[in-house]
Amino acid sequence: MTIKTIAIDDEPLALHQVSTYIQKVPFLEFVDAYPDALTAMREMEDKQIDLMFVDINMPDLNGLTFVQNLNPRPLVVFTTAYSKYAIDGYKVEAVDYLLKPFSFEQLLAAAEKARRRLMPAAQTEKQDDGSNAIVDGALFVRTDGHTVRVQLSDIKYIESMSEYVRIYLLNKEKPLTPLISMHRLEELLPSDTFMRVHRSYIVNLSNITDIQRLRIVYGKEFIPVGDNYKDAFVEYINKHSMK
């Protein structure tokens, strides 16, 4: 399930930032961005929007009044530079309230709150059950609204990002960001090739080329080996090292 999402803000830089953040969240489908509430009201009617990130302090029609007059009303996350509006925001059952300037992590947390409201807990768990499967040495993952076939041999490492992961591939700069838990991936991936080396990282043992002081090095990037995983990793390295 993807959540159809729009952004509304009269400040161009703020609108660009929140739109960029939305497009980074794998379970959000970015539909459009609007410079004011009146434009949004005219153009969003037939788009079946699930979630809105709305600035409150806007000319002509402020975000709070705009939301109060919507019927039906999508889920709302208010964004503003003024904390005095927070209580008013919750009067219309806003999912969250983001005080500018806010980080991507804060927007992601708000998006996850919205996802939990839209998707029952049982269905959320189902996302990790069978929808991602390994066939003929490849992992099928859903990302950005479509399914991608990823050869296991092409995976360098996987990074946990709360309720989704980043899969880094050989010869590709941009990682894939499927909505699947690190725990579920650890269950799916073959243990003779993939190893959890940190609370936040799983590495493809076949693609390790450089280790420095218990750090796995990929060019200018490095993966730390956590204390809880150090013994297993050192045992693997010693087992496969020339004596």
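Helices (H or I, at least four residues) and strands (E, at least two) are DSSP runs, numbered from the N terminus. In these terms Pro 72 is placed in the loop between helix H3 (63-68) and strand E4 (75-80). The model is a predicted one, and the values reported below were computed from it.

Two cis peptide bonds are described here. Most residues other than glycine have a negative phi, and most peptide bonds are trans. The peptide bond from Asn 71 to Pro 72, however, is cis, with omega near 0°. A cis bond also joins Lys 100 to Pro 101, where omega is about -10°. Pro 101 is found in the loop that lies between strand E5 (96-99) and H5.

Positive phi values were found at Gln 48 and Asp 60. At Gln 48, a residue other than glycine, phi is near 50°. Gln 48 belongs to the loop between helix H2 (37-43) and strand E3 (51-55), and with a relative accessibility of 62% Gln 48 counts as exposed, because the cut-off for this class is over 50%. Asp 60, likewise a residue other than glycine, has a phi near 70°. The loop that holds Asp 60 runs between E3 and H3. The relative accessible area of Asp 60 is 75%, so this residue is exposed.

Gln 48, Asn 71 and Pro 72 also contribute to the lining of the second largest pocket. Rolling a probe the size of a water molecule over the atoms shows where empty space is left. The second largest pocket holds about 250 Å³ of space. Its lining further includes Met 41, Met 44, Glu 45, Lys 47 and Ile 49, together with Asn 69, Leu 70 and Pro 74. By class, the lining residues of this pocket comprise six nonpolar, three polar and two charged.

Helix H5 (residues 104-118) consists of 15 residues. From its first C-alpha to its last, H5 reaches 21 Å, close to the 21 Å expected at 1.5 Å a residue. The buried residues of H5 are Phe 104, Leu 107, Leu 108, Ala 110, Ala 111, Glu 112, Ala 114 and Arg 115. Charged groups are therefore represented in this buried set, since Glu and Arg count as charged. Two residues of the set take part in contacts between a charge and a ring. At Phe 104, the ring has the charged end of Lys 24 over it, 5.8 Å from the ring centre. Arg 115 supplies the charge in the second contact, with its charged end over the ring of Phe 27 at 5.0 Å from the centre.

Aromatic pairing was examined next. A pair of aromatic rings is described by the distance of the centres and the angle of the planes. The structure holds five aromatic pairs. In the pair formed by Tyr 157 and Tyr 168, the ring centres are 4.5 Å apart and the planes meet at 20°; planes under 30 degrees apart count as stacked, and the pair is therefore stacked. This pair links distant parts of the chain, 11 residues apart, with Tyr 157 in strand E9 (residues 155-161) and Tyr 168 in strand E10 (residues 164-169). Tyr 157 and Tyr 168 are both buried. Ring pairs join these two tyrosines with Tyr 201 and Tyr 218 into a cluster. Of the cluster members, Tyr 218 is found in strand E13 (residues 215-218). Tyr 218 counts as buried because its relative accessibility of 9% falls under the 20% limit.

Several C-alpha separations relate segments that are apart in sequence. Tyr 218 and Lys 156 are 62 residues apart along the chain, whereas their C-alpha atoms lie 8.7 Å apart in space. Asn 207, in the loop between strand E12 (201-204) and E13, is separated from Ser 153 by 54 residues in sequence and by 7.9 Å between C-alpha atoms. Although Asn 207 is placed in a loop, its relative accessible area is 16%, so Asn 207 is buried. Val 135 lies in strand E6 (residues 134-135). The C-alpha atom of Val 135 is 10.0 Å from that of Leu 152, 17 residues away along the chain. With a relative accessible area of 38%, Val 135 is partly exposed, because this value falls between the limits of 20% and 50%.

How values were computed: Residues are numbered from 1 along each chain as its sequence is written. This is a predicted model: local features need pLDDT of at least 70, side-chain atom pairs count only at pLDDT 80 or more; totals for chains, interfaces and linings use all residues. Side-chain values use heavy atoms; hydrogens and water are left out. Rings of Phe, Tyr and Trp (its six-membered ring) pair if their centres lie within 6.5 Å; planes under 30 degrees apart count as stacked, over 60 as edge-to-face and the rest as tilted. Buried means under 20% relative accessible area, exposed over 50%, partly exposed in between (1.4 Å probe, protein chains only). A charge sits over a ring if NZ of Lys or CZ of Arg is within 6 Å of the ring centre and within 35 degrees of the ring normal. The expected span of a helix is 1.5 Å times one less than its number of residues. On a 1 Å grid over the protein atoms alone, a cavity is a set of points where a 1.4 Å probe fits but cannot get out, and a pocket is an open set with protein on both sides within 12 Å along at least five of seven lines; lining residues have an atom within 4 Å of a point. Grid points are joined across faces, edges and corners, and a volume is the space filled by probe spheres set on the points.
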